[in-house]
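Colleague: I'd like to learn how to read a two-chain model without getting lost in it. Can we go through it together, one feature at a time?

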Amino acid sequence: MTPHVILRIISKFLIPLIALFAFYVQFHGDFGPGGGFQAGVILAASVILYALIFGLDAAKKAIPPSWVRIGMSLGVLLYGGTGVVTWMLGGEFLNYSVLIDGYPAKGQHYGIIAVELGVLLAVASVMLAIFYAFGSRQPDLSDEDW
Amino acid sequence: MDFLSLMPEWLITHGAAVLVIMPLLLGAITAILPSERLAWFVTLFVTVFGTVTAFAILLVVFGGETQLYKMGGWDPPHGIAYVIDGLNAPIIFLICAMALLTTLYGLKSVVAEVEPKKRAPFYAAFMLGMAGLLGMVVTGDAFNVFVFLEVSSISTYVLVAMGASRDRRALAAAYNYLVLGSIGATFFVIGLGFLYMETGTLNMADIGAILRDLDGGSRVSMVAFGFITVGLGLKLAMFPLHLWLPGAYAHAPSMVTVFLASTATKAALYLMLRFTFTVFDISFAYVFTVLTFIITGLGCAAMLLGSLSAIFQTDARRTLAYSSIAQVGYMLLGVGMLTTMGLTASYVHVLNHAVIKGALFFALGAFWYRYGITRTEDFAGLGKMMPWTMGAFTLGGLSLIGVPFTAGFISKLQLTLAALDRGWEWAVVVIMVSSILAIFYIGRLLLAAYFQSPPEIDGEIVERNEAPLIILIPMWFLALLSVGIGIYYSDFVVQLAQNASDVLLQGDRP
């Protein structure tokens, strides 16, 4: 009999919903309050809840720290990469209007989606990285280390 | 301008953004690179490319042009604008060039000082720090300044803490710096909040125009000015707010110490100039009072007390760190005069001090690299053990004191002339006393190095062991540059500073 059955069952039910809500916030950022930062935090919260209920090791098996590290950089690169693409298309840095030839409004739309995805990835990874760093901190230094 | 015709048009137009974005993105890529060698080459590429671009922009701006770059194509004041004029172009070039020299130096010194697993992330943090510094100097948007201030600060805390594999005290120093630096950044952003409340805009030129219309604004903008001055004062190690600096300089890896000493406080000082003179204006009574009485007073206190503390340090890096605090005092004294000559002198010293301190800290790093020396008493006989490195240190030291035909002399001469011009004879006395104190703290090290014999270990005199070439090249480059500025290029440097102070004081036309 595993302990905390109720917690486990409830959180198993909740975690996918939290993750789903994260993406709702992400894409709703187009029309109202919301966007990559909030969505990233919510997405990370779903993993953190998993870690709290099922243990840090299980969470690290699900989302390995190496992915988190890559995710952080990839998020920044997705954001900056969008800017580089607009550079290559002849506009200023992050001038999304040039993304789709002849349709500046559409370009702005797609550009902001790409950038916000970058923010989502970076924020979620950073939140997880901080959580992993504190969670897996070894206790005080032993005497030999000094 | 042959050099300019070689540069692609695109790079000049987009240069302001390229300078910031390239280290930022390549820093992010480097963070996931496994190989330290590859990371070093990426850093080298970024710094070389940045230096060339910054030089081209410097030439364009030197011709009297102001570069305006609209981020994302949005017009200021709503969008973020990057502005490069005579005030920040030299600082941008300084940051890029110092990053290049420290990267060359890092090839050997980082291997000696940082543990293998952390070397690639070290370079990533270095590039992010560079991007942050460049960003806060380039941008013309007040909130953007805060963002880049944080980017550079946070990566600097990391870089200082990387010194832990050499000396565990680096962790405490980095933590100290983290706490004080965060307080500084918080004060700065609180000040920005008040400014936004008063003016409703974040574009620096726009804030400036609105504040001038309001004739200085209400008490809200006074409070804003106070918060911004204290916040930036913490970042630039203004005298009573300097406590983070000695620890951070003493325990960071040598390469980081050089980079910090010659760029980080300079960028913060640039921001202070930009905010006090172009965002606020010295015609406002509160700005005038603060600069004339408080900043000048603190500058003089820093010159005397900083130099005095430098004499009594037992660690050579701390000696130079306290000397840096004193040198910031010189710059603040020049700012406090509120005259074109004073500002020119201050700006000349910003550039010269970066060159001088860079050379000195390079040499200290080389002493550690070969012999593990940091304490002043271990300097005995270094003139024989490492003649070339000690030679560069000597040139830098003489320049710091202000011996004629060196860069330090040029800045002190300018400052003295400016003080006389303002009618502040007492300031000349302060400059003299502080320079005499500099003779003591530098002289103490030089005497030990040249007139004491090398120590004996197991009955044998320690052998000569010169630093490797890749460490000597950037060190000697700066040492010779400091003499070169003293003899040949003083006019050029003074001209750069003159352009900068023109930008600062142009708001004072009737």
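**Two chains, two outlines**

Modeller: Let's start with overall shape: a compact globule of 146 residues would have a radius of gyration near 15 Å, but chain A comes out at 19 Å. Keep in mind that this is a predicted model.

Colleague: What are the dimensions of chain A along its principal axes?

Modeller: Its C-alpha trace spans about 65 × 45 × 20 Å. The secondary structure is 5 helices and 0 strands, and buried residues make up 33% of the 146 residues.

Colleague: And what radius of gyration does chain B have, next to what a compact globule would have?

Modeller: Chain B has 510 residues, for which a compact globule would come in near 24 Å; the value here is 22 Å, so the two agree. The C-alpha atoms of chain B fill a box of roughly 75 × 55 × 45 Å. You'll find 21 helices and 4 strands in there, and 62% of the residues of chain B are buried.

Colleague: How do I read contacts along the sequence? What share of them join residues at least 24 apart in chain B?

Modeller: Take the contacts between residues at least 6 apart in sequence: in chain B, 80% of those join residues at least 24 apart. For chain A the figure is 60%.

Colleague: Now the core. What's the general idea?

Modeller: In soluble globular proteins, nonpolar side chains tend to be buried together. Here the largest nonpolar core has 235 residues, and Ile92(B), Ile95(B), Val160(B) and Ala359(B) touch the most other members. Helix H15 (residues 340-371) of chain B gives the largest share of this core, 20 residues.

Colleague: Let me zoom in on one of them. Which residues does Ile95(B) touch?

Modeller: Skipping anything up to four places away in sequence, Ile95(B) touches Met130(B), Leu133(B), Leu134(B), Val137(B), Thr263(B) and Ala267(B).

Colleague: How do I judge a single residue? Is Val145(B) buried or exposed?

Modeller: Count C-beta neighbours inside 10 Å: Val145(B) has 24, so it counts as buried. Val145(B) sits in helix H7 (residues 142-161) of chain B. Leaving aside neighbours within four places in sequence, Val145(B) is in contact with Met136(B), Thr139(B) and Leu271(B). For contrast, try Gly443(B) in helix H19 (residues 425-451) of chain B. Gly443(B) has 14 C-beta neighbours inside 10 Å, so it counts as partly exposed.

Colleague: Can the same reading be used on a whole helix? How many residues of helix H11 (residues 244-251) of chain B are buried?

Modeller: 8 of the 8, so H11(B) is largely enclosed by the rest of the structure. What covers the buried residues of H11(B) includes H7, helix H8 (169-199), helix H12 (254-279) and helix H14 (316-337) of chain B.

Colleague: On to where the chains meet. How many residues does each chain put into the contact?

Modeller: Chain B gives 13 residues and chain A gives 14. On the chain B side, helix H3 (residues 15-31) supplies the largest share, 7 residues. That side divides into 9 nonpolar, 3 polar and 1 charged.

Colleague: How do people describe two helices that pack on each other?

Modeller: Two packed helices are described by the angle between their axes and the distance between the axes. In this model, helix H4 (residues 65-88) of chain A and H3(B) pack at an angle of about 150°, with their axes 9 Å apart. The crossing of H4(A) and H3(B) is left-handed. Residues making the contact include Ser73(A), Val76(A) and Leu77(A) from H4(A), and Ile21(B), Leu24(B) and Leu25(B) from H3(B). The contact between these helices divides into 8 nonpolar, 3 polar and no charged residues.

Colleague: Last one: what should I look for in the backbone?

Modeller: Most residues other than glycine have a negative phi, and most peptide bonds are trans. So look for the exceptions. The peptide bond from Pro76(B) to Pro77(B) is cis, with omega near 10°. Pro77(B) lies in the loop between strand S1 (67-70) and strand S2 (81-84) of chain B.

Colleague: Which loop holds Leu94(A), and what is the phi of Leu94(A)?

Modeller: Leu94(A) is in the loop between H4 and helix H5 (104-135) of chain A, with a positive phi near 65°. Leu94(A) is buried, with 24 other C-beta atoms within 10 Å. Leu338(B) has a positive phi too, about 60°, in the loop between H14 and H15 of chain B.

Notes. Residues numbered from 1 in each chain as written. Chains lettered and ligands numbered in written order. Predicted model: local features only at pLDDT ≥ 70, side-chain atom pairs only at ≥ 80, totals over all residues. Core = buried A, V, L, I, M, F, W, Y, C linked by C-beta atoms within 7 Å. Buried ≥ 20, exposed ≤ 12 C-beta atoms within 10 Å, placed from the backbone. Helix = DSSP H or I, 4+ residues; strand = E, 2+ residues; numbered from the N terminus. Contact = placed C-beta atoms within 7 Å. Rg over C-alpha atoms; globule rule 2.2 N^0.38 Å. Nonpolar A, V, L, I, M, F, W, Y, C, P; charged D, E, K, R; others polar. Axes fitted to C-alpha atoms, helices over the stretch in contact; angles between N-to-C directions. Left-handed = near helix turned anticlockwise from the far one by under 90°.
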